[in-house]
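Work through the exercises below with the model open. Try each task before you read its solution.

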Amino acid sequence: MRHSAAVWDYRAATEITKDWNGINQFLLRNPQGASARVSLHGGQVTSWRNEHGEELLFTSSKAIFKPPKAMRGGIPICFPQFGNCGSLEQHGFARNKIWTVDDNPPPLHPNDSHGISFVDLLLKPSEEDQKGWPHSFEFRLRVSLTTDGDLILISRVRNINGKPFSFSFAYHTYLSVSDISEVRIEGLETLDYLDNLCQRERFTEQGDAITFESEMDRVYLSSPNVIAVLDHEKKRTYVIRKEGLPDAVVWNPWDKKSKSMVDFGDEEYKQMLCVDGAAIEKPITLKPGEEWTGRLQLSVVPSSFCSEYLNL
């Protein structure tokens with residue numbers, strides 16, 4: 001039965017539970033039965049299921065669920081550094097911190113205020129954080145689940161410092177796929193990319209679509225706002241829409257690297273693919289009082305009408 005928006009109580013659709021470390025997590029639901037789970041540990045989305053209960057995000061069977069380590073899977077938030085491109089720990093500190101609930105967030109743009117079930121989180125730097133990254137900020141995150149089962153993440157970073165600062169950012173999105181060798185990405189063809197397997201050397205994508213036969217770790221530059229990840233075996237397509245995130249990271253560790261990661265199964269590379277909306281090549285710079293917004297929307301559609309649906 002479909003509920004009209006008038007009678008759907010978004011607060012009742014948000015359930016608060018504890019994870020195995022006693023940290024609060026939020027279960028978002030829509031009337032059709034789709035769901036998403038968000039943890040205060042890292043502000044991380046740890047699950048996104050469609051109306052049939054199928055998990056759409058990958059989590060490793062060997063993931064370590066113990067703060068301060070980030071969980072291998074879901075959607076970790078990389079801030080204020082992506083990868084090891086600076087002086088901070090890998091992917092920055094936001095994904096390792098305990099966030100708080102933002103009870104009174106500043107209003108969002110009207111187009112972003114209609115999530116049928118959502119939670120607002122807030123991260124402020126601790127004294128320890130400021131020793132390694134001496135800047136004052138407020139990082140607000142809204143995670144929403146729509147009527148259609150889309151997952152929306154909206155990050156807002158405000159500089160409350162007396163001086164400008166710069167940062168890089170990524171939604172490190174682990175998608176669950178049936179078989180990586182049967183997956184292709186459309187929307188990144190002809191783009192320049194930085195290859196992290198070749199000391200960030202710059203190349204131009206030559207293929208009609210991106211397919212996978214070996215390890216891949218690339219940052220595609222000035223990428224379009226819509227990217228499609230086609231899973232042939234499941235006949236479904238992930239549609240990634242992004243704003244404020246000019247770059248797109250594509251990562252799969254393949255077999256050799258998988259064996260070297262303690263929190264990742266040797267064969268699990270076959271069932272996952274990371275495609276991240278990101279801002280990496282040109283860091284975001286905020287003057288005092290300025291705010292940046294980065295928006296990610298994930299949808300799943302049948303592959304049969306994907307190209308027509310996307311106008312790719």
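**Exercise 1. Find the backbone atom that the side chain of Ser39 reaches, then describe the surroundings of Ser39.**

Solution. This is a predicted model.
- Step 1: Start at the side chain of Ser39. It reaches the backbone nitrogen of His41 at 2.9 Å.
- Step 2: Place the residue. Ser39 belongs to strand S3, residues 35-39.
- Step 3: Check the burial. The relative accessible area of Ser39 is 4%. Buried means under 20%, so Ser39 is buried.
- Step 4: List the contacts, leaving out residues up to four places away in sequence. Ser39 touches Asp19, Ile23, Asn24, Gln25, Gln44, Thr46 and Leu121.

**Exercise 2. Gln44 lies in a loop. Is Gln44 buried or exposed, and which backbone oxygen does its side chain reach?**

Solution.
- Step 1: Locate the loop. Gln44 sits between S3 and S4.
- Step 2: Read the accessibility. Gln44 has a relative accessible area of 1%, so it is buried.
- Step 3: Follow the side chain of Gln44. It reaches the backbone oxygen of Gly73 at 2.7 Å.
- Step 4: Look at the contacts beyond four places in sequence. Those of Gln44 are Arg37, Val38, Ser39, Met71, Gly73, Ile75 and Pro76.

**Exercise 3. Start from the UniProt annotation "binding site" and examine Arg72.**

Solution.
- Step 1: Consult the record. The unreviewed UniProt entry places the "binding site" annotation on Arg72, Gln90 and Arg95.
- Step 2: Place Arg72. It lies in the loop that runs between strand S4 (45-49) and strand S5 (77-78).
- Step 3: Decide on burial. Arg72 counts as buried because its relative accessibility is 17%.
- Step 4: Find a polar partner. The side chains of Arg72 and Tyr174 make a polar contact at 3.0 Å.
- Step 5: Widen the search, again beyond four places in sequence. Arg72 touches Thr59, Ser60, Ala63, Tyr174, Trp251, Met261, Asp263 and Phe264.

**Exercise 4. Describe the largest nonpolar core and identify the strand that gives its largest share.**

Solution.
- Step 1: Recall the background. Nonpolar side chains tend to be buried together in soluble globular proteins.
- Step 2: Count the members. The largest nonpolar core has 69 residues.
- Step 3: Pick out those that touch the most other members. They are Phe79, Phe139, Phe167, Ile185, Phe212 and Leu273.
- Step 4: Trace the largest share. Strand S19, residues 272-286, supplies 7 residues of this core.
- Step 5: Zoom in on Phe212. Beyond four places in sequence, Phe212 touches Ile180, Ser181, Val183, Ile185, Val250, Trp254 and Leu273.
- Step 6: Look for another core. A second, separate one has 9 residues, including Cys78, Leu194, Val219 and Ala278.

**Exercise 5. Compare sequence separation with spatial separation for three pairs: Ile284 and Ser168, Ser136 and Asn161, Lys131 and Gly33.**

Solution.
- Step 1: Take Ile284, in strand S19. Its C-alpha is 6.3 Å from that of Ser168, with their positions 116 residues apart in sequence.
- Step 2: Add the setting. Ile284 is buried, as its relative accessible area is 14%. Leaving out residues up to four places away, Ile284 touches Phe165, Ser166, Phe167, Ala279 and Trp292.
- Step 3: Take Ser136, in the loop between H1 and strand S8 (137-145). The C-alpha atoms of Ser136 and Asn161 are 4.8 Å apart, and the two residues are 25 apart along the chain.
- Step 4: Check the side chain of Ser136. It makes a polar contact with the side chain of Gln130 at 3.0 Å.
- Step 5: Take Lys131, in helix H1, residues 127-132. Lys131 and Gly33 are 98 residues apart in sequence and 44 Å apart in space, C-alpha to C-alpha.
- Step 6: Assess Lys131. At 73% relative accessibility, over the 50% cut-off, Lys131 counts as exposed.

**Exercise 6. Judge how compact the protein is for its length.**

Solution.
- Step 1: Count the elements. The protein has 3 helices and 20 strands.
- Step 2: Compare the radii. The radius of gyration is 19 Å, close to the 20 Å from the globule rule for 312 residues, so the protein is as compact as a globular protein of that length.
- Step 3: Check the burial. Of the 312 residues, 55% count as buried.
- Step 4: Consider contacts between residues at least 6 apart in sequence. Of these, 65% join residues at least 24 apart.

Key
Residues are numbered from 1 along each chain as its sequence is written. This is a predicted model: local features need pLDDT of at least 70, side-chain atom pairs count only at pLDDT 80 or more; totals for chains, interfaces and linings use all residues. Side-chain values use heavy atoms; hydrogens and water are left out. UniProt positions are given in the numbering used here, feature names are shortened, and annotations may be inferred rather than shown by experiment. Helices (H or I, at least four residues) and strands (E, at least two) are DSSP runs, numbered from the N terminus. Buried means under 20% relative accessible area, exposed over 50%, partly exposed in between (1.4 Å probe, protein chains only). Contact means heavy atoms within 4.5 Å. A polar contact is a pair of N or O atoms within 3.5 Å; within protein, one must be able to donate a hydrogen and the other to accept it, and residues adjacent in sequence count only if both atoms are side-chain atoms. A nonpolar core is a set of buried Ala, Val, Leu, Ile, Met, Phe, Trp, Tyr and Cys residues joined through side-chain atoms within 4.5 Å. The radius of gyration is taken over C-alpha atoms; the globule rule is 2.2 Å times the number of residues to the power 0.38.
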